[in-house]
Amino acid sequence: MLWLQTSGCGGCTMSLLCAENPGLPDLLADAGIRLLWHPALSVETGAEARSLLERIERGETHLDILCVEGAIARGPKGTGRYQMLSGTGRSLMDWVASLAPLATHVVAVGSCAAFGGVTAAGGNPSDAVGLQYDGTHPGGLLPAGWRAKGGLPVINVAGCPTHPGWVTETLMMLAAGEVLPLDGYQRPRFYADHLVHHGCPKNEFYEYKASARELSQMGCMMENLGCIGTQAVGDCNTRPWNGEGSCTKGGYPCINCTAPEFEDPRHAFTETPKIAGIPVGLPTDMPKAWFMALASLSKAATPDRLGRNAVADHIVVPPTLRKPK
């Protein structure tokens, strides 16, 4: 496995280092994966690293898995020279384009590598794209119909940063030769078939539409604070980060970081856009009329406990004690 870091923050590597039970070194060893090189984790630098890349390019060193972290900067004017690989006289865009066809599998680690992500936000001055997507549009550095030697398109392990378990499970499945089903955005279905909403610690508040009005309050953040966990794919709340946390558990709204173009929502991340008081983004698969009817009934039935706790920063009304029958 070869790991390259292109235009990004390195956060996906930082996340991966938090993998536990097993940790990253043990996991790679147990899966039979030899890490050829990683710019932050390997001891080889300079001439040694350049020599390795050249051997792979010449076909002298076999490459099973190419992992790319970060978007591909195509600027200026399609040259890729905004990001050069030191000592080679070539851009990272050029290196990735050259090495990808040699790999059995190509993995985009994080939403930047998958879709452009935060690197492509705003005016996108570096002309950043994902490996095989430009935002929601198929075709990035590599064309939409491109396939690796193993037959799969680029595997988009999206997230910002991506969950360490999503990366390690993908690598283990590839190393074992298992079938890796992908969704419509080429994300592994083992996590993309779930919603962030599943297992959210605020689900009781959501059921009654008992909403927080400000950050740090305990209520559901969908109505007022921009949370779109009911629309975002990911098993973040059923596979907690570091065995414990998630964005919503920490009191911050889900911003759908596994999706293309999440970085430009056209409104503040902590604000819910509404029309006539109704959130524009409704839960996945729910018709608008049904949502309005259910929301109205839910609010009418909200227990006092939930209504008061929703706008508090701690539990002020505990559950009612009931005698066993």
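**Cysteine sites, a pocket and an aromatic cluster**

The span of residues 9-174 is 31% helix and 15% strand, and its end C-alpha atoms lie 26 Å apart. In an unreviewed UniProt entry, residues 9-174 are listed as "domain: NADH:ubiquinone oxidoreductase-like 20kDa subunit". The model described here is a predicted one, and a good place to begin exploring it is with its annotated cysteines.

Which cysteines does the "binding site" annotation that includes Cys 9 cover? According to the unreviewed UniProt entry, they are Cys 9, Cys 12, Cys 112 and Cys 160. Along the sequence these four are spread over 152 residues, yet they cluster in space, with a largest C-alpha distance of 10.1 Å. Two of these cysteines can be followed in more detail. Cys 9 is found in the loop between strand 1 (2-5) and helix 1 (11-16). Its relative accessible area is 76%, so Cys 9 counts as exposed, the cut-off for this class being over 50%. Cys 112, by contrast, belongs to helix 5 (residues 111-115). With a relative accessible area of 14%, Cys 112 is buried, because this class takes in residues under 20%. Once the neighbours within four places in sequence are set aside, the contacts of Cys 112 are Ser 7, Gly 70, Ala 71, Gly 117, Val 118, Thr 119, Val 129 and Gly 130.

A further "binding site" annotation, also from an unreviewed UniProt entry, covers Cys 236, Cys 254 and Cys 257. These cysteines are spread over 22 residues of sequence and cluster in space as well, their largest C-alpha distance being 11.2 Å. Cys 254 sits in the loop between helix 8 and strand 11. Is Cys 254 buried or exposed? Its relative accessible area is 7%, so Cys 254 is buried. Beyond its neighbours within four places in sequence, Cys 254 is in contact with Val 196, Gly 226, Cys 227, Ile 228, Gly 229, Ala 232 and Thr 248. Cys 257 also lies in the loop between helix 8 and strand 11. Not counting residues up to four places away in sequence, Cys 257 touches Ser 111, Gly 159, Cys 160 and Phe 262. One of these partners, Cys 160, is itself among the cysteines of the annotation that includes Cys 9.

Ile 228, a contact of Cys 254, turns up again in the largest pocket, where it is one of the residues nearest the centre, together with Gln 231, Pro 265, His 267 and Pro 273. In total, 22 residues line this pocket, and about 350 Å³ of space lies within it. The lining consists of 12 nonpolar, six polar and four charged residues.

Aromatic side chains add another part to the picture, with six aromatic pairs in the structure. In one of them, the rings of Trp 166 and Trp 241 have centres 6.4 Å apart and planes at 65°, so this pair is edge-to-face. The two partners come from distant parts of the chain, 75 residues apart: Trp 166 is in helix 6 (residues 164-175), while Trp 241 is in the loop between helix 8 (203-207) and strand 11 (274-275). Phe 190 and Tyr 191 make up another edge-to-face pair, 5.8 Å from centre to centre and with 65° between the planes. Trp 166, Phe 190, Tyr 191 and Trp 241 form one aromatic cluster. Within this cluster, Trp 166 is buried at 1% relative accessibility, Phe 190 is buried at 19%, and Tyr 191 is buried at 0%.

Conventions. Residues are numbered from 1 along each chain as its sequence is written. This is a predicted model: local features need pLDDT of at least 70, side-chain atom pairs count only at pLDDT 80 or more; totals for chains, interfaces and linings use all residues. Side-chain values use heavy atoms; hydrogens and water are left out. UniProt positions are given in the numbering used here, feature names are shortened, and annotations may be inferred rather than shown by experiment. Helices (H or I, at least four residues) and strands (E, at least two) are DSSP runs, numbered from the N terminus. Buried means under 20% relative accessible area, exposed over 50%, partly exposed in between (1.4 Å probe, protein chains only). Contact means heavy atoms within 4.5 Å. On a 1 Å grid over the protein atoms alone, a cavity is a set of points where a 1.4 Å probe fits but cannot get out, and a pocket is an open set with protein on both sides within 12 Å along at least five of seven lines; lining residues have an atom within 4 Å of a point. Grid points are joined across faces, edges and corners, and a volume is the space filled by probe spheres set on the points. Ala, Val, Leu, Ile, Met, Phe, Trp, Tyr, Cys and Pro count as nonpolar, Asp, Glu, Lys and Arg as charged, and the others, Gly among them, as polar. Rings of Phe, Tyr and Trp (its six-membered ring) pair if their centres lie within 6.5 Å; planes under 30 degrees apart count as stacked, over 60 as edge-to-face and the rest as tilted.
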